[in-house]
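Visitor: I'm new to reading protein structures. Could you walk me through one, feature by feature?

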Amino acid sequence: VWQEVIPSAAKGYPYPLKILINYWSNHVFTTPAARTHQEAILKDPRIIPLHIAFDIDINETSALADYVLPDGSYLERWGTPGVQPTILQKCTGWRQPVVGTYDKGTRWERDASAPFDLTAPNAYTPVLPKTRLIEDILIDIGKRLNLPGIGDKAFVDGSPLHSAWDWNKKLMDNIQAAANAKGN
């Protein structure tokens, strides 16, 4: 329950936090009548020793973070945004970065009419080159921690997980497999 995240952290429920990772969220602003209380909790290192925010801007909550890591905008992200509940057909949206560069330059510089190449490495650099997508950061953290399921042969089928593109390509493969299994 959204409005209970920060107060629960203060009570150590269901367990004390060591790190709070915020992604594009603003608890302080969006929880009615709780700003002063939540700000006090977020400022207390005995309650939340480390607060990391991934955000496209500095909001009321990320302003209180120990680290703010800039994330790309929706124009710089891979993703499957949800569709409206009024759409009765089973479907999913698909988003790919439309600004920034792929591999050795933008797709459009190579050939504006060319379809997106699913087999290319699709190494993506956002408009601001030091900005990194959250998926790339989390994958790098997993590699440094030697977590299983990251790196070469990360997935059961032997495909790798080295980048946000690898993750999203696997997501597309799963969507296609689900559609094929149901004869869609």
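**Reading the features one by one**

Guide: Let's begin with a salt bridge: Arg46 pairs with Asp44, and their closest N and O atoms are 2.9 Å apart. Keep in mind that this is a predicted model.

Visitor: What is the general idea behind such a pair?

Guide: Side chains of opposite charge can pair when their charged atoms come close. In this case, Arg46 is exposed, with a relative accessible area of 74%. Asp44 has a relative accessible area of 15%, so Asp44 counts as buried.

Visitor: How many salt bridges does the structure hold?

Guide: There are seven. One of them links Arg35 to Glu39, again with the closest N and O atoms 2.9 Å apart.

Visitor: Where do Arg35 and Glu39 lie?

Guide: Both sit in helix α3, residues 35-43, and they are four residues apart, about one turn of the helix. Here's the general idea: an α-helix has 3.6 residues a turn, so residues three or four places apart point the same way. As for Arg35, its relative accessibility is 42%, so Arg35 counts as partly exposed.

Visitor: Which side chain meets Lys169 in a salt bridge?

Guide: That of Asp173, at 3.9 Å from N to O. Lys169 and Asp173 are separated by about one helical turn because they are four residues apart in helix α6. Lys169 is partly exposed at 29% relative accessibility, and Asp173 is partly exposed with a relative accessible area of 29%. Salt bridges can also share partners: Asp71, Arg77 and Glu135 are joined into one network that way.

Visitor: Let's move to the strands. How do I read a sheet?

Guide: Strands of a sheet pair through backbone hydrogen bonds, either parallel or antiparallel. Here you have an open sheet of three strands in the order β1-β2-β3, and the pairing is parallel. β1 and β3 stand at the edges with a single partner strand each, so one side of each has no neighbour in the sheet. On average, neighbouring strands of this sheet are turned by 15 degrees against each other, ignoring direction.

Visitor: How many bridges join β1 to β2?

Guide: Five bridges join them, and four join β2 to β3. You can follow individual partners too: Leu20 has His51 in β2 as its bridge partner, while the partner of Ala53 is Val68 in β3.

Visitor: Which side chains of β1 are buried, and which are not?

Guide: They alternate along the strand. Leu20 and Asn22 point to one face and are buried, whereas Ile19, Ile21 and Tyr23 point to the other face and are not.

Visitor: What do the buried residues of α5 pack against?

Guide: They pack against β1, β2, β3 and α6. In α5, which spans residues 134-144, the buried residues are Ile134, Glu135, Asp136, Ile137, Ile139 and Gly142. You may recall Glu135 from the network with Asp71 and Arg77.

Visitor: What about backbone angles? What should catch my eye?

Guide: Most residues other than glycine have a negative phi, and most peptide bonds are trans. Now look at Asn146, which follows α5: its phi is positive, near 55 degrees. Asn146 is in the loop between α5 and α6, and its relative accessibility of 68% makes it exposed. Lys153 lies in the loop between α5 and α6 as well. Lys153 has a positive phi of about 50 degrees, although it is not a glycine, and it counts as exposed at 66% relative accessibility.

Visitor: Which residues does a cis peptide bond join?

Guide: Tyr13 and Pro14, with omega about 0 degrees. Pro14 is in the loop between α1 and β1.

Visitor: And the surface? Which residues make the nonpolar patch?

Guide: Tyr23, Trp24, Ile56, Tyr74, Leu75 and Val98 make it, over about 550 Å². You met Tyr23 in β1, among the side chains that are not buried. Tyr74 lies in the loop between β3 and β4.

Visitor: Is Ser73, in that loop between β3 and β4, buried or exposed?

Guide: Buried counts as under 20% relative accessible area. Ser73 has 15% relative accessibility, so Ser73 is buried. Leaving aside neighbours within four places in sequence, Ser73 is in contact with Trp24 and Ile56, and Trp24 and Ile56 are among the residues of the patch.

How values were computed
Residues numbered from 1 in each chain as written. Predicted model: local features only at pLDDT ≥ 70, side-chain atom pairs only at ≥ 80, totals over all residues. Heavy atoms only, no water. Patch = residues over 30% accessible without salt bridge, like charges linked within 9 Å, V, L, I, M, F, W, Y side chains within 5 Å. Areas by Shrake-Rupley, 256 points an atom, 1.4 Å probe, with all protein chains shown as cover. Salt bridge = Lys/Arg side-chain N within 4 Å of Asp/Glu carboxyl O. Helix = DSSP H or I, 4+ residues; strand = E, 2+ residues; numbered from the N terminus. Buried < 20%, exposed > 50% of the residue type's maximum accessible area, 1.4 Å probe, protein only. Contact = heavy atoms within 4.5 Å. Pairing = 2+ DSSP bridges. Axes fitted to C-alpha atoms, helices over the stretch in contact; angles between N-to-C directions.
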